[in-house]
Amino acid sequence: MVNNVSRVTLPPGYKPSNNEPFMCPLQLEYFRQRLMRWRSELLQESSQTILHLQEDTAAQPDFADRASQETERSLELRARDRERKLISKIDEALLRIDDGSYGYCVETGEPITLQRLEARPIATLSVDAQERHERREKAYRDD
């Protein structure tokens with residue numbers, strides 16, 4: 001993924017602060033690097049899973065062992081599927097950094113707090129918008 005935002009060098013130990021302009025170049029670069037590291041870690045775990053699954057192809061003679069191995073494999077593949085979806089969300093966040101919309105709620109256009117972005121760098125909704133979304137979702141599920 002190529003990022004068109006001009007790069008700045010982060011000072012050692014830099015953390016975004018409310019004392020600087022929201023989504024200034026330093027903050028954007030901080031979150032870009034954080035998202036890229038996270039993406040790289042997920043891809044590496046995925047590669048390790050593929051290797052692990054290829055190594056575990058030996059047939060288990062015992063039915064219980066085979067069932068246990070299939071259960072483990074299924075759980076691992078489900079986890080990797082969740083990670084694949086997470087990588088897609090990371091890619092979307094990186095695109096939002098490129099287009100200048102990163103850090104702003106897609107519903108209200110208001111800034112998402114730095115604390116929320118630190119906790120969930122792929123967040124697209126402010127806390128208030130997320131809570132409204134979850135209340136609506138819960139109301140529909142209860143019907």
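Buried here means under 20% relative accessible area, exposed means over 50%, and partly exposed lies in between (1.4 Å probe, protein chains only). Welcome to a predicted model, in which local features need pLDDT of at least 70 and side-chain atom pairs count only at pLDDT 80 or more, while totals for chains, interfaces and linings use all residues. Residues are numbered from 1 along each chain as its sequence is written, and side-chain values use heavy atoms, leaving out hydrogens and water.

**View 1. The protein has four helices and zero strands.**
Helices (H or I, at least four residues) and strands (E, at least two) are DSSP runs, numbered from the N terminus. Following the sequence, you meet the pattern α-α-α-α. The protein has 143 residues, and 29% of them count as buried. Its accessible surface, by the Shrake-Rupley method with a 1.4 Å probe (for residues, only the protein chains shown count as cover), is about 9600 Å², with 52% belonging to carbon and sulfur atoms. Contact means heavy atoms within 4.5 Å. If you take contacts between residues at least 6 apart in sequence, 58% of them join residues at least 24 apart.

**View 2. Helix H2 has the span expected from its 37 residues.**
The expected span of a helix is 1.5 Å times one less than its number of residues. For H2 this gives 54 Å, and the end C-alpha atoms are 54 Å apart, so the two agree. Buried residues of H2 include Gln69, Leu86, Ile87, Asp91 and Arg96. After H2 comes Gly100, with a positive phi near 85°.

**View 3. Glu76 and Glu83 are buried residues of H2.**
Glu76 lies in helix H2 and has a relative accessible area of 19%, which means that it counts as buried. Its C-alpha atom is 9.7 Å from that of Ser46, a residue 30 places away along the chain. Glu83 is also found in helix H2, and its relative accessible area is 14%, so it too is buried. Setting aside neighbours within four places in sequence, Glu83 contacts Leu42 and Glu45.

**View 4. The largest nonpolar core gathers 23 residues.**
A nonpolar core is a set of buried Ala, Val, Leu, Ile, Met, Phe, Trp, Tyr and Cys residues joined through side-chain atoms within 4.5 Å. In this core, the members that touch the most others are Met23, Phe31, Leu35, Ile90, Ile97, Tyr102 and Leu117. H1, H2 and H3 each give at least two residues to this core, and the largest share, six residues, is from H2. In soluble globular proteins, nonpolar side chains tend to be buried together. Look next at Leu35: leaving out neighbours within four places in sequence, Leu35 contacts Ile90, Ala93, Leu94, Ile97, Tyr102, Pro121 and Ile122. Met23 sits in the segment before H1 and is buried, at 9% relative accessible area. Phi of Met23 is positive, near 55°, although this residue is not glycine.

**View 5. Phe22 and Tyr104 form an edge-to-face aromatic pair.**
Rings of Phe, Tyr and Trp (its six-membered ring) pair if their centres lie within 6.5 Å; planes under 30 degrees apart count as stacked, over 60 as edge-to-face and the rest as tilted. By this rule there are four aromatic pairs. In the pair of Phe22 and Tyr104, the centres are 5.2 Å apart and the planes lie at 85°. This pair links distant parts of the chain, 82 residues apart: Phe22 belongs to the segment before helix H1 (25-55), and Tyr104 to the loop between helix H2 (63-99) and helix H3 (114-119). Phe22 is partly exposed at 26% relative accessible area, and Tyr104 is partly exposed at 28%.

**View 6. Phe31 and Tyr102 form a tilted pair.**
Their ring centres are 5.6 Å apart and their planes meet at 45°, which is why the pair counts as tilted. Because Phe31 lies in helix H1 and Tyr102 in the loop between H2 and H3, the pair ties together parts 71 residues apart in sequence. Phe31 is buried at 0% relative accessibility, and Tyr102 is buried at 1%. Together with Tyr14 and Tyr30, Phe31 and Tyr102 make up one aromatic cluster.

**View 7. Cys24 and Cys105 are shown in a structure with zero disulfides.**
A disulfide is counted when two cysteine sulfur atoms lie within 2.5 Å, and the structure holds zero of them. Cys24 is buried at 12% relative accessibility, and Cys105 is buried at 4%.
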